[in-house]
Each structure stands twice: as structure tokens, then as C-alpha cells.
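The following exercises concern cysteines, a sheet and nonpolar cores. Each task is followed by a worked solution.

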Amino acid sequence: MQAILDATASQGEPIQELLVTHGKIPTLVEELIAVEMWKQKVFPVLCRLEDFKPQNTFPIYMVVHHEASIVNLLETVFFHKEVCESAEDTVLDLVDYCHRKLTLLVARSGCGGPPEEESQYSTPIQELQKQAELMEFEIALKALSVLRYITDCVDSLSLSTLNRMLSTHNLPCLLVELLEHSPWSRQEGGKLQHFEGGRWQTVAPSEQQKLSKLDGQVWIALYNLLLSPEARARYHLTSFAKGQLLKLRAFLTDTLLDQLPNLADLQGFLAHLALAETQPPKKDLVLEQIPEIWERLERENRGKWRAIAKHQLRHTFSPSEQDLRLQAQRWAETYRLDILEAVTPERPHCAYCSAEASKRCSRCQSEWYCCRECQVKHWEKHGKACVPAVQGDRAK
């Protein structure tokens, strides 16, 4: 949370420095992949158990959400090159993780994107499964940003990592497919919408030619993978890769080049590629590292997924009423508004006079004031929103 707030305010990032200093980036990557495996191997089994009837699904939601929390943190700190370097050998596992997420994103792009969050579901478990599906879409978008930051460090990546990205996974061709499908954009009711901030937002007609953040991430990653000397020396331009990459020419419009002028170099590369002869892939005899976290976790737990699900059902996801109350109290303490506001880089301002505020409307808790007088003067305007908001909360 603090890392994200620091990045938003363009301040120094002590969290990023601490993670690097104490060597915690590899730990975060392993934790990320462990939760991903739990969601794929254990969570579906857990939901199918006959005696799985939790009084409260929030403990399970916190586990499901843990992957999103980690990838969100990695997206924030991987902007710094030293973080990528501190990942050491686990950057191979992180590249594989990003490839899995982006492949899933492309595969689901023909299915209408993520489910609508507003839909009603018959049971809490079904609702939890739909929330997990929506979260999976958002995680894949974060993985795209993480991958782009890894490509920024292509000059310092190991030979094994470069080979994994360019030969094993052929990431340039996968990124072309992402641009073709653009799963973060859709037409709804004749209006263009982009998926931003966890929801679909309508794009104003005057903004439709503007490059979205996610499209920009794909273009920058392609630029790094195709034009950096280290990557070009390792990427084998087969006939299939040539056909896929030449599709990019249709997207390189003058409007796009105005927003990302560096893509003119990519345009020149594609013009040269169109005339070049393709070559069969070379098989270099080299000793190569491979990612090991996913394979190790799967090997250690193969055949135990149902037993793990039953054990967690008994000891983790079926707490007594007293345990639930204790958990709720811990969560309430962790996410108290005053604690969150204490680490916010900018203090709230009075809704009436814009001075720094320290008091909040006691009814709706959403508006801030510097003094009682300003609150009274602002009530004529604020009351129209405050009273319905409080009534809506009571109705829930």
C-alpha cells in the first residue's frame, strides 16, 4: 500500500529499497506462484467438497485476493531496474508466470472479457468464483505491466531468460495477438469502453484516438524485444514470426507515432523485415537454466490436492463464530480509515473552503471539513447526497 502511495505521489520509495536490501523479491515471486497454484489446484476441489458450507467466504476471498496484492506490488516496484536485478534466478519463474497470464488473456478475449461485477449469483460460493474470475482478468493486466518492466532490463537479463522470452514462449508474437484482440477494450451500446481501475469506463469521443496505458505497455515491450541489440541477436525470425510481426504495420498509424515517436524505429524495422529472407531456427547447444518454482511445488504436492483442500476446510476455512469475530477485529484494525489516511501522501481538504481538514461528516463519513462552521455552511449542498447515502447503507 505504501509503495503504491509513494509511486502515485512521485516520492522516494522506501518499500522498494527495503525489498531489495533484504532480498525479498524472490520470496514475493515464490509466494505469487504458490497462490496461483493454490487457485488452480486446490480452490476448485475445495468448492466441490460436499461439506464445504462456510459461514463466511471472506477468509477464502482474502487468499484469492492475495495473488492480486502481490502482483500489484510487483508492478509498482519493478519500474526500478534494480528490483528486476534483485529477483535473480526467479525472474525466469516470473517470465513464465506472465506468459501463463497473457496466454489466458488472449484465450479469453473471444469470450466477451471478464464477467460483470454487478451480476447476481445464487450462492455465496458462486459469487466468490465469479469474483475470482474477474480478479483473474485484472491480474493478467497487471502481469502485462510487470512483463513490460522486465523487458526494460533486457540488456542485463541472463541468456537463459532471453531465450525463455524469445524462443520458448515467443513473446513478440504473443504481444501481437494481444494488440489484435485488445481484451481491455470493447464496444458497448455503440460506445468505446476501456477496462481501467477495476471497471469498464466509457471513453469520450475526443479521447478515442488517445493511446491507452495497456496498449502503450504492449508497444513498449515489443520495441524492447525487437530492437534492443541483445534481443535481436537471440530472436530467430522464422516465417511464422515474420507473418505475425508484419501485422503490426496496420497499427502503426500517424496518430500512434505522434504519441510514441520511438515507434518510428519499429516501423523501419518492419519495412526491412518485409524484404528480408527468413531462416530456420537455430538450435544452439548451451547449458540453460529453467524455472523451477512451479515444477517443484507441483512435484511436492502431486496427488495431495484433495487432502490439502480437506485439511484447509477443517482448520482454516471453517472457523468458529469466536474465531470469525477475532479475524474480523484484526481486519478492522488493519484497514482502519485513520491508519490508511496516516500514510496517504496528501491530507484531505475542506469541502467548503479547501483548507486542510481534520474532521469528517459523522453521518456518511465521506466529506471532510476544517471546522463546524464550514460544515454548516456546506450542508445545503452536501445534505442532498449525504441523506440518501446514509439511507442506502441502512437499507443494505
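**Exercise 1.** Does Cys374 count as buried or exposed?

*Solution.* The model is predicted, so local features need pLDDT of at least 70 and side-chain atom pairs count only at pLDDT 80 or more, whereas totals for chains, interfaces and linings use all residues. Residues are numbered from 1 along each chain as its sequence is written, and side-chain values use heavy atoms, with hydrogens and water left out.

Begin with the cut-offs: buried means under 20% relative accessible area, exposed over 50%, and partly exposed in between, with a 1.4 Å probe and protein chains only. Cys374 has a relative accessibility of 9% and therefore counts as buried. Cys370, at 22%, counts as partly exposed.

**Exercise 2.** Determine how many disulfides the structure contains, and examine Cys370 and Cys374.

*Solution.* The criterion is a pair of cysteine sulfur atoms within 2.5 Å. For Cys370, the closest cysteine sulfur belongs to Cys353, at 3.6 Å, which is too far for a bond. For Cys374, the closest cysteine sulfur is that of Cys370, at 3.7 Å, again too far for a bond. The search of the whole structure finds 0 disulfides.

**Exercise 3.** Establish the strand order of the sheet and describe the pairing of β1 with β2.

*Solution.* Strands are DSSP runs (E, at least two residues), numbered from the N terminus; two of them pair if DSSP finds at least two bridges between them. The open sheet has 3 strands in the order β1-β2-β3, with antiparallel pairing. Because β1 (185-188) and β3 (199-202) each have a single partner strand, they stand at the edges, and one side of each lacks a neighbour in the sheet. From one strand to the next, the twist averages 40°, an angle between N-to-C directions of axes fitted to C-alpha atoms, on a scale from 0 to 180 degrees.

Next, consider the first pair in detail. β1 and β2 (residues 191-196) are joined by 4 bridges. Glu188 lies opposite Lys191, and Gln187 lies opposite Leu192. The two strands form a hairpin with 2 residues between them, and Gly189 in the turn has a positive phi of about 65°.

**Exercise 4.** Which residues touch the most other members of the largest nonpolar core?

*Solution.* Such a core is a set of buried Ala, Val, Leu, Ile, Met, Phe, Trp, Tyr and Cys residues joined through side-chain atoms within 4.5 Å. The largest one has 95 residues, and Phe78 and Ile150 touch the most other members. Helix α8 (residues 124-151) contributes the most, with 15 residues. A second, separate core of 8 residues includes Trp368, Tyr369, Cys374 and Cys386.
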